[in-house]
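Biologist: I am new to this structure and would like a close look at one part of it, the aromatic rings and what lies around them. Please take it step by step.

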Amino acid sequence: MSSMRIVESSQEMVRACRQAAHPLGLVPTMGALHQGHLDLVRRARRENDTVAVSIFVNPAQFGAGEDLSKYPRDLDRDLDLLQRENTDLVFVPGPEDVYPPGFDTWVDMGSLADKLEGAHRPGHFRGVATVVTKLFNLARPERAYFGQKDGQQTVVVRRFVRDLAMGLEVVVVPTVREPDGLALSSRNVYLTPEQRRAAPVIYRAIRRAEESWRAGERDAATLRQQIRQVLEAEPLVEGIDYVSAADGESLEELEGAGPGTMLSTAVLLGQVRLIDNVILE
């Protein structure tokens with residue numbers, strides 16, 4: 001097992017990544033690691049000489065009333081998991097390192113940030129795009145790894161990497177699911193046993209529309225309605241923030257669904273907000 005280096009400051013991260021063997025693969029995370037994150041690390045391990053993982057609960061992507069203080073944190077467990085995956089470098093900065101006094105430069109994602117998650121979490125993607133840009137500048141990776149579960153996030157990252165000519169490959173890895181279909185998420189720990197039993201309804205709803213599309217249904221409004229019907233039939237679903245059938249690059253809602261359309265939804269089970277998506281292929 002290789003010796004894993006833990007780095008806490010930006011300056012040290014820059015030095016470590018400059019000295020490391022390249023290609024370097026970066027996996028940005030907020031910790032509370034699960035199999036979905038470890039899938040990203042394994043993919044990075046296969047494709048790069050050096051694997052770096054960042055663990056940073058980014059305050060800039062949490063809105064008023066969101067669960068920043070309650071967000072699950074277990075650094076010792078995370079480090080143990082990463083050690084077992086032969087991770088080379090783990091960057092664990094504090095907020096004052098990432099956002100030092102006087103910090104006032106932000107990556108504004110334009111219209112992509114106003115849709116879906118962005119419409120319900122104003123400022124979220126500005127926070128995501130800014131911190132990920134900073135991580136890319138520190139590590140200078142050849143590749144960066146993200147999970148498809150955060151579908152809109154993958155679209156946002158790919159867009160600013162392209163628009164700002166960052167010259168790295170964004171690798172999107174398929175969503176990892178529980179046997180009953182629930183997408184792995186750090187927030188799943190908040191579910192009560194009853195809510196956990198109900199939660200697979202989210203994927204079931206999206207799958208219903210996906211199967212309908214495979215059977216020939218092309219009307220996006222019909223697909224959205226099918227998702228909504230399945231969700232509304234579950235008594236423990238207390239709210240549906242959105243149901244979407246959108247273009248996989250612009251995130252504009254479609255009238256006709258085709259290959260590359262992203263079906264997505266955000267659902268409230270009690271206080272727990274869960275998201276999921278599939279790309280039609």
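Modeller: What follows goes through the aromatic pairs, then the nonpolar cores, and then one helix and one strand residue.

This is a predicted model. There are six aromatic pairs in the structure. One of them joins phenylalanine 56 and tyrosine 99, with ring centres 6.3 Å apart and an angle of 45° between the planes, so the pair counts as tilted, the class for angles that are neither under 30 degrees nor over 60. This pair links distant parts of the chain, since its two residues are 43 residues apart. Phenylalanine 56 belongs to the loop between β3 (50-55) and α3 (75-84), while tyrosine 99 belongs to the loop between α4 (95-98) and α5 (117-120).

Both residues of this pair are buried: phenylalanine 56 has a relative accessibility of 7%, and tyrosine 99 has a relative accessible area of 16%. Tyrosine 99 also pairs with tryptophan 106; their ring centres are 5.8 Å apart and their planes meet at 25°, so this pair is stacked. Tryptophan 106 is partly exposed, because its relative accessible area is 29%, which is not under the 20% limit for buried and not over the 50% limit for exposed. Ring pairs join Phe56, Tyr99, Phe103 and Trp106 into a cluster.

Charged side chains also lie over rings. Arginine 126 sits over the face of tryptophan 106, 4.2 Å from the ring centre. Elsewhere, arginine 177 sits over the face of tyrosine 203, 3.5 Å from the ring centre.

Next come the nonpolar cores. In soluble globular proteins, nonpolar side chains tend to be buried together. The largest nonpolar core here has 41 residues, and the members that touch the most others are Met13, Met109, Phe136 and Phe160. Elements that each supply at least two residues to this core include α1 (10-19), β2 (24-29), α7 (151-163) and β8 (261-269). The element that gives the most is α6, with nine residues. Leaving out residues up to four places away in sequence, phenylalanine 136 touches several residues, among them Leu26, Phe146, Phe160 and Leu168. A second, separate core has 26 residues, including Tyr203 and Leu231.

The helix α3 follows the loop that holds phenylalanine 56. Its residues Asp78, Leu79, Leu81 and Leu82 are buried. Viewed down the axis of α3, the buried residues fall within an arc of 160°, so they line one face of the helix. They pack against β1 (5-7), α2 (35-47), β3 and β4. Asp76 and Arg84 are exposed, on the face of α3 turned away from the buried side. Just after the helix, asparagine 86 has a positive phi of about 60°.

The last stop is threonine 50, in strand β3. Threonine 50 is buried, with a relative accessible area of 7%. Apart from neighbours within four places in sequence, threonine 50 is in contact with residues including Ala20, Pro23, Arg45 and Asp88. Alanine 21 is another of its contacts, and the backbone oxygen of alanine 21 lies 2.6 Å from a polar atom of the threonine 50 side chain. The C-alpha atoms of threonine 50 and leucine 138 are separated by 15 Å, the two residues being 88 residues apart along the chain.

Note on methods:
Residues are numbered from 1 along each chain as its sequence is written. This is a predicted model: local features need pLDDT of at least 70, side-chain atom pairs count only at pLDDT 80 or more; totals for chains, interfaces and linings use all residues. Side-chain values use heavy atoms; hydrogens and water are left out. Rings of Phe, Tyr and Trp (its six-membered ring) pair if their centres lie within 6.5 Å; planes under 30 degrees apart count as stacked, over 60 as edge-to-face and the rest as tilted. Helices (H or I, at least four residues) and strands (E, at least two) are DSSP runs, numbered from the N terminus. Buried means under 20% relative accessible area, exposed over 50%, partly exposed in between (1.4 Å probe, protein chains only). A charge sits over a ring if NZ of Lys or CZ of Arg is within 6 Å of the ring centre and within 35 degrees of the ring normal. A nonpolar core is a set of buried Ala, Val, Leu, Ile, Met, Phe, Trp, Tyr and Cys residues joined through side-chain atoms within 4.5 Å. Contact means heavy atoms within 4.5 Å. A polar contact is a pair of N or O atoms within 3.5 Å; within protein, one must be able to donate a hydrogen and the other to accept it, and residues adjacent in sequence count only if both atoms are side-chain atoms. The arc is that of the directions from the helix axis to the C-beta atoms.
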